[in-house]
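Reader: Before I use any of the labels on this model, I would like to hear what stands behind them. Please take them one at a time.

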Amino acid sequence: MQEACWYENIYIVQRPSKRGAKSDVYLDIDYKGQILKGKKLYKQNSIHLENTIEEAYRYSYKRFILKQ
């Protein structure tokens with residue numbers, strides 16, 4: 001799913017909440033250059049963040065590629 005999203009220029013991007021090396025991050029969806037900004041904060045380098053990124057790619061695949 002991730003590769004299919006990348007092929008269609010859909011990316012999940014981490015955006016820091018503030019400057020600094022260990023700041024929390026927001027997850028944004030870059031859909032062909034259009035940024036859909038996330039509102040929920042995630043702890044950087046956490047298992048929860050990794051799982052959420054995978055879930056975001058699944059959502060993007062179903063929503064933007066399969067049109068479900």
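**Labels and their cut-offs**

Author: Alanine 21 lies in the loop between strand 1 and strand 2. Helices (H or I, at least four residues) and strands (E, at least two) are DSSP runs, numbered from the N terminus. This is a predicted model, in which local features need pLDDT of at least 70 and side-chain atom pairs count only at pLDDT 80 or more, while totals for chains, interfaces and linings use all residues. Residues are numbered from 1 along each chain as its sequence is written, and side-chain values use heavy atoms, with hydrogens and water left out.

Reader: Why is alanine 21 called exposed?

Author: Its relative accessible area is 69%. Buried means under 20% relative accessible area, exposed over 50%, and partly exposed in between (1.4 Å probe, protein chains only). Alanine 21 is therefore exposed.

Reader: What makes asparagine 9 partly exposed, and asparagine 45 exposed?

Author: Asparagine 9 has a relative accessibility of 41%, so it falls in the class between the two limits. Asparagine 45 has 65%, so it counts as exposed. Asparagine 9 is in the loop between helix 1 (2-7) and strand 1, and asparagine 45 is in the loop between strand 4 and helix 2.

Reader: What is notable about phi at asparagine 9 and asparagine 45?

Author: Most residues other than glycine have a negative phi. Asparagine 9 is not a glycine, yet has a positive phi of about 60°; for asparagine 45 phi is also positive, about 60°.

Reader: How do you know that strand 1 and strand 2 pair?

Author: Two strands pair if DSSP finds at least two bridges between them. Seven bridges join strand 1 (residues 10-16) to strand 2, and the two run antiparallel, so the condition is met. One of the bridge partners is leucine 27 in strand 2, opposite glutamine 14.

Reader: Which other strands are joined to strand 2, and by how many bridges?

Author: Strand 4 (residues 41-42) is joined to strand 2 by two bridges, antiparallel, with leucine 41 as the partner of tyrosine 26. Strand 3 (residues 34-36) pairs with strand 2 over three bridges, also in the antiparallel sense. There, isoleucine 35 is the partner of aspartate 30.

Reader: What does tyrosine 31 touch?

Author: Tyrosine 31 is in strand 2 (residues 25-31). Contact means heavy atoms within 4.5 Å. Leaving out residues up to four places away in sequence, tyrosine 31 touches Asn9, Ile10, Phe64 and Lys67.

Reader: What makes a set of residues a nonpolar core?

Author: A nonpolar core is a set of buried Ala, Val, Leu, Ile, Met, Phe, Trp, Tyr and Cys residues joined through side-chain atoms within 4.5 Å. The largest one has twelve residues, among them Ile12, Leu27, Leu49 and Phe64. Helix 2 gives the most to this core, with five residues. In soluble globular proteins, nonpolar side chains tend to be buried together.

Reader: Which residues does leucine 49 contact?

Author: Beyond its neighbours within four places in sequence, leucine 49 is in contact with Gln14, Val25, Leu27, Tyr42, Lys43 and Gln44.

Reader: Why is strand 2 called mostly covered?

Author: Five of its seven residues are buried.
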